[in-house]
Amino acid sequence: MLEEVERWLTRRSWSAADRPLDRLLDARNGAHGPGVSVVLPALNEAETVGDIVTTIRRELMEKVRLVDELVVIDSGSTDATTEVARRAGARVVHRDAILPRVPAAPGKGEVLWRSLLVTGGDIVCFIDADLKDFSADFVSGIVGPLLTDPDVQFVKAMYDRPLGNTAGQGGRVTELVARPLLNLHWPQLAGFVQPLGGEYAVRRSLLERLPFPVGYGVELGLLVDALHTVGLDALAQVDVGVRIHRHQDGQALGRMAAAIYRTAQLRLSRGHLVRPSLTQFERGEHGFVPRTYAVDTEERPPMREIEEYLSRRAA
């Protein structure tokens, strides 16, 4: 590990307990305290989204005023996700209702990019909607450094990720794909425990300068581009405990891995993929059947290049 990264780990890695809630409230309620928006991207998360929204509202909007707005961006759920989220107290916006002149692409990154148009906070906190046993520390922990340290611009959550009953075995794409890529090509980012984690908080002024991969590569893309835009010392991570969520099957992980590799390749060369697709195999009645999937090859431009966003921010 680079000496620079070892020093960064001592300066920019914290626990959620390092910043008590009263300290955050003092910073939040100062004369120029920034607004905080929490965004949950959701697709068929009716089983979990309600508990997450309820916890954030109760702990960080009603008991104390740390969060200003809580928005669920639905990308076409066919279950009761939107109804559950609304009943729990979130504002729900459908992906396709945001920037309708640009046809929506499928993918998580697309939802995160569009969320900037329907939120107003100076700090934007992204939280995955499939978390179980959710704690408000996931929000307050990663928002904390942005409220208390003006030099910090991008904060990732770090946590244990059990796989079933086995501790520390989650994050298979991280360990097999993302971590090797980062260590080999962006060694300054080797200190991030969960580089692909979906829980992170970022200053809007940085987010609006970054391109967004539309699919699974969004977390790696934002992290790498943030490094090049503001430097390592503006990035940080906070330990929030344990993350329990629904795990993907092996083939879904393969598709995620391909998208992440493609995102890294694009940043390494800004070149063209000859064959942006991935073939996997499933056993059928008469043997193995090939299934070919497109690998995400599209990115959205920095939000500050979008006319509607500039008009909204100027209003």
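Is Leu-99 buried or exposed? Leu-99 is buried, with a relative accessible area of 6%, where buried stands for under 20% relative accessible area, exposed for over 50% and partly exposed for values in between (1.4 Å probe, protein chains only). The views below show a predicted model, in which local features need pLDDT of at least 70 and side-chain atom pairs count only at pLDDT 80 or more, while totals for chains, interfaces and linings use all residues. Residues are numbered from 1 along each chain as its sequence is written, and side-chain values use heavy atoms, with hydrogens and water left out.

**View 1. The open sheet and its edges.** The sheet is open and mixed in its pairing, with 8 strands in the order 1-10-7-8-5-2-3-4; helices (H or I, at least four residues) and strands (E, at least two) are DSSP runs numbered from the N terminus, and two strands pair if DSSP finds at least two bridges between them. Strand 1 (13–15) and strand 4 (91–94) are the edge strands, each pairing on one side only. Strand 3 (residues 69–74) pairs with strand 4 in the parallel sense over 4 bridges, and Val-72 has Val-92 of strand 4 as its bridge partner.

**View 2. Helices against the sheet.** Helix 3 (residues 49–62) lies across strand 2 (36–42) and strand 3, running at about 165° to strand 3; axes are lines fitted to C-alpha atoms, for helices over the stretch in contact, and angles run from 0 to 180 degrees between N-to-C directions. Helix 5 (residues 108–115) packs on the sheet and touches strand 2, strand 3, strand 5 (123–126) and strand 8 (200–203), contact being heavy atoms within 4.5 Å.

**View 3. The largest nonpolar core around Leu-220.** A nonpolar core is a set of buried Ala, Val, Leu, Ile, Met, Phe, Trp, Tyr and Cys residues joined through side-chain atoms within 4.5 Å. The largest one has 49 residues, and Leu-220 is one of those that touch the most other members, as are Ile-73 and Phe-154. Helix 9 (218–230) is among the elements that each supply at least two residues, and its 7 residues are the largest share of this core. Leaving aside residues up to four places away in sequence, Leu-220 touches Ala-178, Leu-182, Leu-196, Ile-260, Thr-263 and Ala-264.

**View 4. Two loop residues with positive phi.** Leu-99, in the loop between strand 4 and helix 5, has a positive phi of about 50° although it is not a glycine. Asp-133, in the loop between strand 6 (131–132) and helix 6 (137–148), also has a positive phi, near 50°, but Asp-133 is exposed, with a relative accessible area of 66%.
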